[in-house]
Amino acid sequence: MPYALQIPQAGGPEVFEKIEVDRPTPARGQLLVRIAAAGVNFIETYQRSGVYSVQYPLVPGSEGAGTVEEVGPGVEGFSVGDRVATAEGTGSYAEYMVLDAEKALSVPATVSDEVAAALPLQGMTAHYLINNSYHVQPGDTVLTYAGAGGVGQLLIQLLKLRGATVITTTSTPAKAELARAAGADHVLSYDEVPDRVRDITGGVGVAAVYDGIGKDTFEGSLDSLRTRGTLVLFGGASGQVPPFDLQQLNAHGSLTVTRPKIADFLLDADERRWRSAELFDLVAAGTLQVAIGERFALEDAGAAHTALESRATTGKVLLVPGTSGTPA
């Protein structure tokens, strides 16, 4: 029988249990997808640990890629055998997933299943950040954080394709090399922000800061911006930014702060197709590289969570059904 990895109750990585499940049947407007690889994201560690309120038992996972095995009634544009990916699924820590067809992304033949599973969430995040949260122009100088991470490496590459000068941060020399390989022009340690950012920009500051760290970096992000600059706060890896006096934006030079989330930039099938098609086309052309870090067998989801929470990983962590052994 097909199997899935389930969280029976909140707890540590050890709480995962492997369960047998019936092969799902797609309802109207849905696809049945056999999962080739599933992306592991921090939100699932929050769901597992109880930081986020969810209904247990839970088969987690919103991101994955695989092959359509059955097409539900009323679906147009997809057929059995098509390869698809998604960032908006439910229960991708499994051999099979039922997916709303409108949330399925077509995968080009030249893009592997693993890359297709690794790209959607982080890639479409980077895409909306530079196109919508602050629309980067050629010649802009931009600050990002965590340049060796999954979003960070994609964001750097897309910014360079746009013609921006990229300043980023990392925590170790090895991670700094990954950020430079992705195209970063300047790689700083976290404690060098904002002073080195001001030095690099001749005291002017950057056009935009893409900040997924939150509480620990917020003040430095504000201090790094030029007059009328934009701070895009898209995450809170260090904790959420506490309430602050909006008058600070005036005092720092008429700044703009925005706090987006990806769901508001994937409002319909057309928007999903636009973002995913641009990204997959860049991958297929060899212009955008997707960094895959560790691969774990699906039944080793707990070990995958341990690796992710240790923050020792770089690139994307994947779960691969039908494999066994230790991470590659």
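**Close-up views of a predicted model**

**View 1. Asp270 and its salt-bridge partner in helix 9**
Asp270 counts as exposed, because its relative accessibility is 51% and the cut-off for that word is over 50%. Keep in mind that everything you see in these views belongs to a predicted model. Asp270 makes a salt bridge with Arg273, and their closest N and O atoms sit 2.3 Å apart. Why are Asp270 and Arg273 separated by about one helical turn? They are 3 residues apart in helix 9, which covers residues 269–284. Arg273 has a relative accessible area of 48%, so this residue is partly exposed.

**View 2. A salt bridge between Asp264 and Lys261**
Here's another pair to look at: Asp264 bonds with Lys261 in a salt bridge, with 2.8 Å between the closest N and O atoms. If you're wondering what brings such partners together, side chains of opposite charge can pair when their charged atoms come close. Asp264 is partly exposed at a relative accessible area of 40%. Lys261 is partly exposed too, with a value of 48%.

**View 3. Glu309 meets Arg48**
How many salt bridges does a search of the whole structure find? The count is 15, and the one in this view joins Glu309 to Arg48, with the closest N and O atoms 3.1 Å apart. Glu309 belongs to helix 10 (residues 301–309) and Arg48 to helix 1 (residues 42–49), so the pair ties together parts that lie 261 residues apart in sequence. Is Arg48 buried or exposed? Arg48 is buried, since its relative accessible area is 3% and buried means under 20%. Glu309, on the other hand, is partly exposed, with a relative accessible area of 34%.

**View 4. A little network: Arg23, Glu69 and Glu70**
Salt bridges can involve more than a pair of residues, and this view shows a case: Arg23, Glu69 and Glu70 are linked in a network of salt bridges. Glu69 and Glu70 fall in the stretch 64–71, which is strand 4. That strand is the star of the next view.

**View 5. Strand 4 and its two partners, strands 3 and 5**
Start with strand 3 (residues 30–40) and strand 4 (residues 64–71): they pair in the antiparallel sense, with 7 bridges between them. To find your way around, look for Arg34, which stands opposite Thr67 in strand 4. Now turn to strand 5 (residues 83–86), which runs antiparallel to strand 4 and is joined to it by 4 bridges. Which residue of strand 5 does Gly64 stand opposite? That residue is Thr86.

**View 6. A patch of negative charge on the surface**
Four residues gather here: Asp195, Asp199, Glu219 and Asp223. Where do they come from? Helix 6 (195–200) and helix 7 (218–224) each supply at least two residues of the patch. Glu219 has its place in helix 7, and this residue counts as partly exposed because its relative accessibility is 42%.

**View 7. A nonpolar patch made by Ile43, Val51 and Tyr52**
Not every patch is about charge. Ile43, Val51 and Tyr52 form a nonpolar one on the surface, and together they have about 270 Å² of accessible area. Ile43 sits in helix 1. With 37% relative accessibility, Ile43 counts as partly exposed.

**View 8. Two cis peptide bonds, each leading into a proline**
Zoom in on the backbone between Tyr56 and Pro57: that peptide bond is cis, with omega near -5 degrees. You'll find Pro57 in the loop between helix 1 and strand 4. The bond from Val193 to Pro194 is cis as well, with omega near 10 degrees. Pro194 is in the loop that runs between strand 10 (186–188) and helix 6.

**View 9. Positive phi at Ala146 and Ser254**
What is notable about the phi of Ala146? The angle is near 55 degrees, a positive value in a residue other than glycine. Ala146 lies in the loop between strand 8 (141–144) and helix 4 (150–162), and its relative accessibility of 28% makes it partly exposed. Ser254, which isn't glycine either, also has a positive phi, near 55 degrees. Look for Ser254 in the loop between helix 8 (247–251) and strand 13 (256–258). Ser254 is partly exposed, with a relative accessible area of 48%.

Note on methods: Residues numbered from 1 in each chain as written. Predicted model: local features only at pLDDT ≥ 70, side-chain atom pairs only at ≥ 80, totals over all residues. Heavy atoms only, no water. Pairing = 2+ DSSP bridges. Patch = residues over 30% accessible without salt bridge, like charges linked within 9 Å, V, L, I, M, F, W, Y side chains within 5 Å. Areas by Shrake-Rupley, 256 points an atom, 1.4 Å probe, with all protein chains shown as cover. Salt bridge = Lys/Arg side-chain N within 4 Å of Asp/Glu carboxyl O. Lys, Arg positive; Asp, Glu negative; His and termini not counted. Charge placed at Lys NZ, Arg CZ, Asp CG, Glu CD. Buried < 20%, exposed > 50% of the residue type's maximum accessible area, 1.4 Å probe, protein only.
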